[in-house]
Each structure stands twice: as C-alpha cells, then as structure tokens.
Amino acid sequence: MRQRLSSEPDRYRGRRRVPTPPRSRYAIAVTAAFAGAGVVAMGASNMPDAKQVDPQALKGLGGNQVAAEALAERDAGADAASRGESRDSAAKTKVSAEQAAADVWLLPLEQYTFTSGYGMRWEKLHAGIDLAASEGLPFKAIHAGKVTQAGYFGAYGYAITVEDNEGNEVIYAHSRRVLVKKGDVVKAGQVIGQVGNTGASYGTHLHIEIHVDGAPTDPIPFLRQRGVDIKLQVESVYAGMAAAS
C-alpha cells in the first residue's frame, strides 16, 4: 500500500467514514431475504387459481341465483293473482247479493199469530196456513215472482197468486185489499195487499197456500227448507239483502 505523503491533501478530512459491516451481517440479511421470498411463494401456491375453481361450487352459486329469481317471480305472480282474485271476489259478491235477493224467502207479516196449519179440517183439506192479524195490516210477498191473478177469487175472497221462476205458486187469500194487478213482477218483501176477512173466512187473517207442480203442499216444511220458520217467526238470513235491493 502506498503511503500518503504529507504534502498530499487529505480527501477524507472533515468527512465521516461509514464503518464496513462484518461479513456475517451480510449473510444474515441475505438469508432473511430468501426466507421471506419462500414464505410468499408458499402462500401464493396455496391460493386458488381462478381457472381451477370447483365447477360444482360455481354450479351451486348459479343454482342459488336461479332459485332466488324463481322465488321473486313466484311472489310477483302471487301478488298479481291475489289482486285478480280480489276483483273476481268482488264481482262474485255482487252477483251473489243480487242472486240472493232474487232467491230469498221471507215472512209475510211483521206481526201475526199462527192459528191453523195444513191438513184435514172438518173432513176437508185445509190446503194452507192461517195467520191472524189486524185488519188492514200490510202483507208482503214472501218470494219474488209474477202476479198471475189479483182480485176477487171465489171462496178465497180478494186474493193474489204469484208464480216464481220455478213454477211454484203462492196464494194470499181473504185480503181486504189487493195492491197489485195481474202481470206485475214483484220482489220478496214488497207490500202487495192488506189483511182482511173476505170470502169463506171466519175471522181477520191471512191465508197462504203454496202449490208445487199444480198441487198444494204444506207451507211449513216448504218454507223451513228455504230459511223461513212460520211458527217461530224466523226469516232467511238474506232478508236484509232483499230489503236493500
């Protein structure tokens, strides 16, 4: 090594020289770098490759999506069906109310006393029922139909006959006054006459007969089958509909 002459300028004067690290430190640093790189490589090798994702897993995810869409479509369809059913239900309710008003059977009087039933009386068929009531009290049609007879009718006195759509006839007899005429169409609950004592009558009352296929039938069971109990004075549950129509 050449010795520096005293006359040569000192290039390092005023500067701090960084000490040279021992070789053992270089070895440690290099070893740590290689070890870190290995860890990173091992972690990367464990990460799933997008090209190697399990097809069954993808299929499962797709199936879940399809199921969710199907549920959404079903809910939407159910809502639409519900709205449609609501409209249909409202229409059916209206039709049902109108039909009920046409088919309803009612009591003929607000107040009366049941005095005589259907059957043999004085060796002769009493073909109807008698309901005692005050003279002049209005009586109503017990069912809708067309008036086929109105006026004085022999032993029936002033009487009214109403025929319904099924051909059944209802006769209201011994009236004081009739308030309809032949050919009129009446509704259930409509006032058609007044209680009287005309014809072969033995007291003020309303006599009612019902004829099916041209022959008289007992009005008590006939009306009971249609929601009206003459003896208990109970009307059909549809009486309110008929009154409102």
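# Exercises on a predicted model

Val147 is buried, at a relative accessible area of 1%. Here buried means under 20% relative accessible area, exposed over 50%, and partly exposed in between (1.4 Å probe, protein chains only). This is a predicted model, in which local features need pLDDT of at least 70, side-chain atom pairs count only at pLDDT 80 or more, and totals for chains, interfaces and linings use all residues. Residues are numbered from 1 along each chain as its sequence is written, and side-chain values use heavy atoms, with hydrogens and water left out.

## Exercise 1. The surroundings of Val147

Task: find the strand that holds Val147, then list what Val147 touches.

Solution.
- Step 1. Val147 sits in strand β6, residues 145-152. Helices (H or I, at least four residues) and strands (E, at least two) are DSSP runs, numbered from the N terminus.
- Step 2. Take contact as heavy atoms within 4.5 Å. Setting aside neighbours within four places in sequence, Val147 is in contact with Ile160, Thr161, Val162, Val180, Lys181, Lys182, Gly183, Asp184 and Val186.
- Step 3. Look at Gly183. Its C-alpha is 5.2 Å from that of Val147, although the two are 36 residues apart in sequence.
- Step 4. Gly183 belongs to the loop between β8 and β9 (185-186). Gly183 counts as partly exposed because its relative accessible area is 38%. Not counting residues up to four places away in sequence, Gly183 touches Lys146 and Val147.
- Step 5. Now take Asp184. The C-alpha atoms of Val147 and Asp184 are separated by 5.3 Å, with their positions 37 residues apart along the chain.

## Exercise 2. The whole chain

Task: describe the chain through its elements, its burial and its contacts.

Solution.
- Step 1. Count the elements: 4 helices and 12 strands.
- Step 2. The chain has 245 residues, and 29% of them are buried.
- Step 3. Take contacts with a separation of 6 or more. Residues 24 or more positions apart account for 61% of these.

## Exercise 3. The largest nonpolar core

Task: which residues have the most contacts inside the largest nonpolar core, and which elements give two or more residues to this core?

Solution.
- Step 1. Define the object. A nonpolar core is a set of buried Ala, Val, Leu, Ile, Met, Phe, Trp, Tyr and Cys residues joined through side-chain atoms within 4.5 Å. In soluble globular proteins, nonpolar side chains tend to be buried together.
- Step 2. The largest core here has 27 residues, and those with the most contacts inside it are Leu109, Phe139, Ile160, Tyr172, Ile192, Leu223 and Ile230.
- Step 3. Two or more residues come from each of β4 (129-132), β7 (158-163), β8 (169-178), β10 (191-195), β11 (205-212) and α3 (219-224).
- Step 4. Follow Leu223. Beyond its neighbours within four places in sequence, Leu223 is in contact with Trp105, Ile142, Ile210, Val228 and Ile230.

## Exercise 4. A buried aspartate

Task: is Asp130 buried or exposed, and what does Asp130 touch?

Solution.
- Step 1. Asp130 lies in strand β4.
- Step 2. Asp130 is buried, because its relative accessible area is 6%.
- Step 3. Leaving aside neighbours within four places in sequence, Asp130 is in contact with Thr113, Phe114, Thr115, Ser116, Arg121, His205, Leu206 and His207.
- Step 4. The C-alpha atoms of Asp130 and Gly117 are 6.6 Å apart, and the two residues are 13 apart along the chain.

## Exercise 5. Positive phi

Task: place Trp122 and Asp213, then give the phi of each.

Solution.
- Step 1. Most residues other than glycine have a negative phi.
- Step 2. Trp122 has a positive phi, near 55 degrees. Trp122 is in the loop between β2 (119-121) and β3 (124-126). At 66% relative accessibility, Trp122 is exposed.
- Step 3. Asp213 also has a positive phi, near 55 degrees. Asp213 is in the loop between β11 and β12 (215-217). Its relative accessible area is 76%, so Asp213 is exposed.
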